[in-house]
Amino acid sequence: MKFIDALKNSDEFGPLVQWHRFLPSEPAEYGDLERPLPPPLLGVLSAMNIDRLYTHQARAINLARQGQHVVTATPTASGKSLVYNLPVFEAALSDIDTRALYLFPLKALEQDQLKTIREMNRLMGLGRVTAEVYDGDTSPFLRKKIRSHPPNILITNPDMLHLSLAAYHDSWKELWANLRFVVIDEVHTYRGIFGSHIAQVIRRLRRIADAHGSRPTFLLSSATVGNPDDLALALTGLDHQAVTESGAPKAGKHFVFLNPEAGSAISAARLFAAAIRRGLRTIAFTQSRRLTELMHRWARQMAPRLADKMSSYRAGFLPEERRGIEQKLNSGELLGVISTSALEMGLDIGALELCLLVGYPGSVIATWQRGGRVGRTDRESAVVLLAQPDALDQYFSKHPDNLFTRACE
């Protein structure tokens with residue numbers, strides 16, 4: 001990758017490079033379904049240029065069709081959304097009364113999934129699977145409409161599940177009585193105290209569904225974690241079949257560790273501006289909202305002619321602002337974004353090529369998750385970690401192999 005060569009040969013950054021590793025590309029491995037998908041869904045896959053499913057997709061879908069609870073824990077960009085969308089679509093096409101509840105931890109992920117479902121509907125032609133988002137951004141008028149006539153797929157988050165759907169379950173009888181699937185994405189985020197709260201909400205969900213006469217199949221999805229079956233059991237109280245061996249192809253990826261002397265944030269801003277000048281589609285992750293805005297300001301000052309090609313992204317933006325940034329990233333109108341962890345999870349934000357980590361993210365899972373935002377095509381990509389002065393950053397800066405040999409939490 002030319003950018004990495006230029007970085008290592010740079011008078012400014014070359015001496016700061018402490019470690020460089022290239023992870024070579026890996027070919028895809030394919031599997032087969034026990035029975036074919038219905039023709040409308042085969043048409044969707046064909047329109048998406050998908051001839052065959054990867055091994056983990058085929059195995060998880062086969063299990064879901066049997067009514068087994070499944071947790072799929074494979075790397076980013078491995079096509080996990082098809083693992084739950086295809087069985088849900090198949091069930092909805094055969095029975096119009098089928099209902100599914102999708103839970104996401106972030107509003108951006110809700111909107112991204114709604115976009116995916118609408119695109120699948122467009123490609124399907126025949127038949128239609130209805131879907132709506134029900135969260136804090138949903139207008140009162142639309143909330144009443146959704147309650148009266150729940151769609152096949154209701155997309156929401158744990159807070160709204162607890163405060164609205166569960167608290168007023170008599171107003172959602174049609175949803176609960178016909179609930180066939182519960183999809184929980186990014187389950188690795190539900191850990192610690194927050195995870196214990198969500199576990200109680202999920203048990204409440206199961207009790208309400210049982211009271212209304214339904215026993216939904218749970219389809220969980222996660223980034224690579226060390227114990228997906230244990231996590232799924234703790235979260236839902238149900239035994240899950242864990243699918244962890246990914247068959248998705250991997251493009252080559254560079255990992256570089258820098259130990260800046262002048263401060264990781266200002267160095268990252270310089271690298272960010274340099275990457276935008278080269279036309280590289282770039283994402284930088286910071287540890288705070290304040291640092292996100294500071295880096296954005298510095299990068300704009302360093303490359304004023306390209307100021308309209310870069311943006312910050314964080315919690316606190318209005319919904320329309322977030323949607324606008326995501327759309328511009330997907331279309332290529334924006335070349336770079338500086339974000340907090342708000343863009344860490346499985347949001348489809350286009351073919352990014354460079355990821356800058358301003359400080360160690362705090363866990364192996366988060367490191368791979370953020371690094372997985374780049375390299376979603378067959379082109380080489382790069383992840384550059386700029387160490388901060390604290391002890392953990394400096395430890396991995398001096399022992400980078402330790403990061404790559406550690407198991408996920």
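Let's begin at a turn in the chain: G67 comes after helix α3 and has a positive phi, near 85°. Please keep in mind that this is a predicted model. From that glycine we can look back at α3, then move on to two open sheets, each of seven strands, and finish with a pocket.

**Helix α3 and its surroundings**

- Helix α3 covers residues 55-65, and nine of its 11 residues are buried, so the rest of the structure largely encloses it.
- The buried residues of this helix are H56, Q57, A58, A60, I61, N62, L63, A64 and R65.
- Those buried residues pack against several strands, namely β2 (30-31), β3 (53-54), β4 (70-73), β9 (217-222) and β10 (241-243), and also against helix α4 (80-94).

**T72, a residue to look at up close**

- You will find T72 in strand β4.
- T72 has a relative accessible area of 1%, and the cut-off for buried is under 20%, so T72 counts as buried.
- Setting aside residues up to four places away in sequence, T72 touches H56, A60, K80, V83, L220, S221, S222 and V243.
- Two of these contacts, H56 and A60, are among the buried residues of α3.

**The parallel sheet**

- Strand β4 belongs to an open sheet of seven strands with parallel pairing, in the order β6-β7-β5-β8-β9-β4-β10.
- At the edges stand β6 (131-133) and β10; each has a single partner strand, so one side of each has no neighbour in the sheet.
- From one strand to the next, the twist averages 15°.
- Strands β4 and β9 run parallel and are joined by four bridges; V71 has L220 of β9 as its bridge partner.
- Helix α5 packs on this sheet, where it touches β5 (99-103), β6 and β7 (153-156), and its direction makes about 165° with that of β6.

**L123 in helix α5**

- Helix α5 includes L123, which is partly exposed, with a relative accessible area of 21%.
- Apart from neighbours within four places in sequence, L123 is in contact with V44, A47 and M48.
- Between L123 and W172 there are 30 Å in space, C-alpha to C-alpha, and the two are 49 residues apart in sequence.

**The mixed sheet**

- The other open sheet of seven strands has mixed pairing and the order β1-β11-β16-β15-β12-β14-β13.
- Its edge strands are β1 (17-23) and β13 (310-313), each pairing on one side only.
- Neighbouring strands here are turned against each other by 15° on average, with direction ignored.
- Strands β15 (residues 354-358) and β16 (residues 381-386) pair in the parallel sense over five bridges; V358 has L386 of β16 as its bridge partner.
- Helix α13 (residues 319-331) lies across β13 and β14 (336-339), and it runs at about 135° to β13.

**The second largest pocket**

- This pocket holds about 400 Å³ of space.
- It is lined by 21 residues, and those closest to its centre are P105, L106, K107, A315 and A342.
- Helices α5 (107-124), α7 (158-166) and α9 (192-211) are the elements that give two or more residues to the lining.
- Helix α5 gives the most, with three residues.
- Sorted by class, the lining has 11 nonpolar, six charged and four polar residues.

Notes. Residues numbered from 1 in each chain as written. Predicted model: local features only at pLDDT ≥ 70, side-chain atom pairs only at ≥ 80, totals over all residues. Heavy atoms only, no water. Buried < 20%, exposed > 50% of the residue type's maximum accessible area, 1.4 Å probe, protein only. Contact = heavy atoms within 4.5 Å. 1 Å grid on protein atoms, 1.4 Å probe; cavity = no way out; pocket = protein on both sides within 12 Å on 5 of 7 lines; lining within 4 Å. Points joined across faces, edges and corners; volume = space filled by probe spheres on them. Nonpolar A, V, L, I, M, F, W, Y, C, P; charged D, E, K, R; others polar. Pairing = 2+ DSSP bridges. Axes fitted to C-alpha atoms, helices over the stretch in contact; angles between N-to-C directions.
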